[in-house]
Amino acid sequence: MKVSFMLKKTGYLSCLLVLGSFMAINCVSTPKKPPEPEATAKPLPPPPPPDFSPQPYHIAMNEEMNKSYQRANEIIIGVYTGSHEDEVYGLTYYFEDFSSFDKETLSWGQEMNVIFQVLPHGLNPVILTHSEFQGLSDLDRTGICWDSYEGVRDVYLIESEKMLIFLKQKYDEENNRAYRNLIDTYPVTKECNTKAVFDLMIREMYLR
C-alpha cells in the first residue's frame, strides 16, 4: 500500500516536472514580436483661404510658385531691408524678421528677428523704396504682383515690406560659408494676396 502510494506520488511529481519543463521551454523558444512602427500621419495642407476669389493674375502666380517650390530647398517670408556689396559674393540682399516654411509639416515657423543674406543668382529684381511703393497707383500695385511681358516676368523687392522668397541653399567649401541663391520672390501685399495664393497652391499640390 505504501509502495503504491509512493509510486503514485512519484508519478505525479514526474508529470509536474515534465509539464513545467515543457512550459519553460515553450516560453523561452517563443520570441516576442517587435512593436509595430507607428504610422506616420500625413501632414495636412493649409485650409482654404477665407473670402479669396482668385483673379487671372493669381492663377499665373500660382503656376509660377509651383515651379519655384519644386526648385527651392528654403521658403521664407521676410522683410527686405536693402542691399550691400559683399567682398566675396558681390551684390547681396538683406532680409530680417523672417519665418520659414517647413515642407515636411506644411506649416510656417515662428518669426525670427535675424538678418540673413540672399544672392541674386542671375535675377535682377526691380527695387522699390518704401516711398515709391506708397506712391504707386492701384493698377501698378497689382502689376508688381505679376508683371509679364513676352514671357519674361519682372520680380520686385520692396524696401521695408514683407516678401515671399524661394531660395536655394548652397555651401562654399573654399570660403567655408553657406549662402542662399534667390530663385523667385513675390510682394506680400493686400493687392497681391501672396500668402493666400501660396496656401492655395500647397492645398492643390497635396490634395491631388
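Colleague: What makes the turn between β2 and β3 worth describing, and which of its residues has a positive phi?

Modeller: β2 and β3 form a hairpin with four residues between them, and Leu106, which lies in that turn, has a positive phi of about 55 degrees. The model is predicted, and local features need pLDDT of at least 70, side-chain atom pairs count only at pLDDT 80 or more, while totals for chains, interfaces and linings use all residues. Residues are numbered from 1 along each chain as its sequence is written, and side-chain values use heavy atoms, with hydrogens and water left out.

Colleague: How do you know that β2 and β3 pair, and in which sense do they run?

Modeller: Two strands pair if DSSP finds at least two bridges between them, and two bridges join β2 to β3, so the criterion is met, with the strands running antiparallel. Within this pairing, Phe101 stands opposite Trp108 in β3.

Colleague: Why is the segment at residues 107-108 called a strand?

Modeller: Strands are DSSP runs of E with at least two residues, and helices are runs of H or I with at least four, numbered from the N terminus. Strand β3 covers residues 107-108, with Ser107 among them, and therefore satisfies the strand criterion.

Colleague: Why is Ser107 called buried, partly exposed or exposed?

Modeller: Buried means under 20% relative accessible area, exposed means over 50%, and partly exposed lies in between (1.4 Å probe, protein chains only). Ser107 has 32% relative accessibility, and therefore counts as partly exposed. On that scale, buried residues make up 35% of the 208 residues in the protein chain.

Colleague: What makes the side chains of Ser107 and Thr105 a polar contact?

Modeller: The term requires a pair of N or O atoms within 3.5 Å; within protein, one must be able to donate a hydrogen and the other to accept it, and residues adjacent in sequence count only if both atoms are side-chain atoms. The two side chains are joined at 2.7 Å, so the distance falls within that limit.

Colleague: Which residues does Ser107 touch beyond its sequence neighbours?

Modeller: Not counting residues up to four places away in sequence, Ser107 touches Ser100, Phe101 and Asp102, where contact means heavy atoms within 4.5 Å.

Colleague: How do you know that β2 also pairs with β1 and β4, and over how many bridges?

Modeller: Strand β1 (residues 74-86) and strand β2 (residues 90-102) pair in the antiparallel sense over 10 bridges, with Thr92 as the bridge partner of His84. β2 and strand β4 (residues 116-118) pair antiparallel over three bridges, and Gln117 is the bridge partner of Tyr94.
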